[in-house]
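I opened the model to look up a helix, a loop residue and some charged pairs. My entries follow the display.

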Amino acid sequence: ELVESWIENNPTGKGVNWRVAMEVAIRAANWIAGYYFFCESPSLTPSFWLRFLKSLHVHGNFIENHLEYSWRTSNHFLSDVVGLIFLGIFFQDAEFGKRWLGWAVPSLQEEMDQEVCPDGVDYEKSTSYQRLVLELFYTTAILCQRNKISLSSSFMQRLQNMFDFVQAYTRPDGSIPLFG
């Protein structure tokens, strides 16, 4: 009901939920994760699945056509890339899924070099963005690994360095200093 209501009340490209590709990408990734919790539910009809899949396809097209390029890419562009990887893997048997995946995987690795210093610190120098960017890179690395998509050893080393940095600034109670 939530997904159907959302689709019905948020026409493509209209309203706050279609303002930036980052939000569209994060929503698509979350819907794909949710799909695997409910895909075998007998209470979901073929017409629901058709609307759901069409909406995910629309999400991918929106992201592809509204990539958040800037003079210095950031977590917004990274989110766009991650969304297209999730969608590309989900739709990997379709030409558009292959296209999204073929563009997004190399872009993910380029973003690691652009956004993360060799010591694992996100260039935005924010502890909160550090965690966001780490989550985006890490969940995508897991998804790629599970789908036999290789990521470079330098990517994986910087990812490890990101974890090391987060561990170093996290207090024993799990809280973090807020800066940046």
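Is E64 buried, partly exposed or exposed? I find E64 partly exposed, with a relative accessible area of 26%; buried means under 20%, exposed over 50% and partly exposed in between, with a 1.4 Å probe and protein chains only.

Before going on, I note that this is a predicted model, where local features need pLDDT of at least 70, side-chain atom pairs count only at pLDDT 80 or more, and totals for chains, interfaces and linings use all residues. Residues are numbered from 1 along each chain as its sequence is written, and side-chain values use heavy atoms, with hydrogens and water left out.

Entry on salt bridges. I looked up the total, and the structure holds four; the term stands for a side-chain nitrogen of Lys or Arg within 4 Å of a carboxyl oxygen of Asp or Glu. I took down three pairs, among them E64 with R99, at 2.8 Å from N to O. This pair links helix α3 to helix α5, the two residues being 35 apart along the chain; helices are DSSP runs of H or I with at least four residues, numbered from the N terminus. R99 is partly exposed at 42%.

I then checked E4 and R51, whose closest N and O atoms lie 2.1 Å apart. E4 sits in helix α1 (residues 2–9) and R51 in helix α3 (residues 46–65), 47 residues apart. E4 has a relative accessible area of 28%, and R51 has 37%.

For D113 and R158 I read 3.9 Å between the closest N and O atoms. Here the link runs from helix α5 to helix α7, across 45 residues. D113 is partly exposed at 44%, whereas R158 is buried at 15%.

Entry on α7. I followed R158 to its helix, which covers residues 153–169. Its 17 residues reach 25 Å from first C-alpha to last, close to the 24 Å expected, taken as 1.5 Å times one less than the number of residues. Besides R158, the buried residues include F155, L159 and M162. The buried residues fall within an arc of 160 degrees, so they line one face of α7; the arc uses directions from the helix axis to the C-beta atoms. They pack against α5 (95–115) and α6 (127–146). On the other side I found S153, Q167 and A168 exposed.

Entry on E124. I placed E124 in the loop between α5 and α6, partly exposed at 25%. Leaving aside neighbours within four places in sequence, E124 is in contact (heavy atoms within 4.5 Å) with S74, N75 and Y129.
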